[in-house]
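Hi,

Here's the structure I promised to pass along. Have a look at it first, and my notes on the aromatic rings are underneath.

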Amino acid sequence: MHRALLVDDIVHAILQNVTSATDMINFASTCSALSSPALDMLWCEQWNLGPLIMCLPQDTWEVRDDGFIHLSREPLPAEWERVRLNASRIRRLYGNPRVTHPKRPPKPHSRVLQQLFALFSPISLFPNLHKLDFQVVSDRPVFSPDFLLLRQFLSPGLEMLGFVLPSGIPVHEVEQLVDALRAQASGLRKLVISAIHVGAPCQIDLPFNKMQQLNLLAILCNVCLTRHNVADIGLLRSLRLLALTLHGGSGVLEDLQLRDVPLELSALNCLTLVADRLQLCTSFLLRVVTPHVSNISIKYTEYAAPKEVGKFVLSLHASCQSFASLEYISVQRQSSLSRLDLNHLDLNFYDPFPSHLFRPLLKFRGLTTVQFMDVGKYCLDDAFIDDAAVAWPGIRELCFASKETDDSTVTFAAMLSLASRCRSLRVLQLTFDVTHKPRLPHCRESEDAPDGRRELWPKQTALQRLHVGHSKVLRAALSPWVLVVVFPNLVDISWYRTPVSDNILWQEVFEQVGNLRKKDLVTSACLPNFIQSLLQDDLS
């Protein structure tokens, strides 16, 4: 054995570059110097306790018809030693959604885990555990004694914890769990809590004064913080990611005069708010100052009128304060027929959402993603689109999506200008008018043009995916030719499937764009001039 393998740092550097589990197993079988560190890395991350139980002799366990691991005989005390040794190597125990079912090892039956934890307490079995998704241990939707094991996993070394409150859990059990978090998990940095039961949300009161080291807090699904807990979020000075489900009982709709100074979350980078009403999100933003937030995601269910959306957009100014940091804003209405007011199923009865509601966003010059999904009937115009191209030169994704036909007056020419000026724009979803021949985009007087040419620079246009929404189109507009010239990197065109006439025409456009690309006409240097000559209405 080479003497270099006696140096731990060198061995670690070698193993860090091993990406295959099979290769890592081979390293572990090579020599004693590599065996222990290789096994440590193999067991470091686990998303199932099945491999741990399968460390027992093969005649002690079996996978039965239910798909779970059962014990076929009682293992001897010495036979559990290998399980205990490998469990001590596990540092991260969490569900891995990327692993599909055929590759997942079978899970142990709950009775097997009960026997395991009767022999070894969780904290002694996993002394080096830093990250825990408790659903790996117990994923029962209804409260059972298995959930009580969670408190036995808590330790000062635990840095990340995620768990789901099961249906029917007694209030006192929630309170005892919160007390245990305060007393036993002093090193906690990331906390994710959710619930799967229906009905009234489960309120939880977390001791933020004892958890000031948290940098990630996610209270999701049917769980919400208590009223004074929301007010105490300002104690979390290190918080970088915050995800909250808001309910009316959280007190976020109270008079702002009750708190003269807004909560300051100076370290916050990402904010996600989920609510039934957009007003709850607006009120929360007015209560917090987030000078360095770069990512804001909003999801709500009930329809919000244009006035309410306008207030939300303005609340971003009050909360963010610095217009340079915000890079990502996503607002999505997640409608559900079971919760909709039947009198408002047709959005055509609602007032349109004009451009001026969204104009305050133009002050955030660092935006790279802007998404407004199914908010209502947009009524955007060319002036807003032109100004957006100036305000957001680094925009990568711009979506104003509505499943209902909107009243936008954006022209084909304005869309072309936006997507050609914003050189990083790769995804665009917008309804515009393709019933008239456009002019090809040219440089503005204030813009530099290569070689002094004022016409379009097609090879610098990055757009790859275009969703035209409910855009109307006519064959006379020469849209396939124009799209091929202006967007040489365009690979996908999609649209809403109504009305039928526009469906057929957009299908023709899609097919013609594909045919033109097959003919490799895009590489022809004279093609832009040829298209320019066809656009007889071009005034340039």
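Below is what turned up when I went through the aromatic side chains.

One thing to keep in mind: this is a predicted model. A search of the whole structure finds 15 aromatic pairs. Take F372 and F400, which are stacked, with 5.6 Å from centre to centre and 5° between the planes. That pair ties together distant parts of the chain: F372 sits in strand β19 (residues 369–373) and F400 in strand β21 (residues 397–401), 28 residues apart.

Neither ring is out in the open. F372 has a relative accessible area of 0%, so it is buried. F400 comes in at 3% relative accessibility and counts as buried too, because the cut-off for that is under 20%.

F400 also pairs with F384. Here the ring centres are 6.1 Å apart and the planes are at 80°, so this pair is edge-to-face; the cut-off for that label is over 60 degrees. This contact also links distant parts of the chain, with F384 in helix α13 (residues 382–391) and F400 in strand β21, 16 residues apart. Both F384 and F400 are buried. So F400 has a stacked partner in F372 and an edge-to-face partner in F384.

Elsewhere, F117, F126, F134, F147, F153 and F163 form one aromatic cluster, which you can pick out by colouring those phenylalanines.

And there's a charge over a ring: K131 lies over the face of Y94, at 4.2 Å from the ring centre.

Cheers

Notes: Residues numbered from 1 in each chain as written. Predicted model: local features only at pLDDT ≥ 70, side-chain atom pairs only at ≥ 80, totals over all residues. Heavy atoms only, no water. Phe/Tyr/Trp six-rings, centres within 6.5 Å; stacked < 30°, edge-to-face > 60°. Helix = DSSP H or I, 4+ residues; strand = E, 2+ residues; numbered from the N terminus. Buried < 20%, exposed > 50% of the residue type's maximum accessible area, 1.4 Å probe, protein only. Lys NZ or Arg CZ within 6 Å of the ring centre and 35° of its normal.
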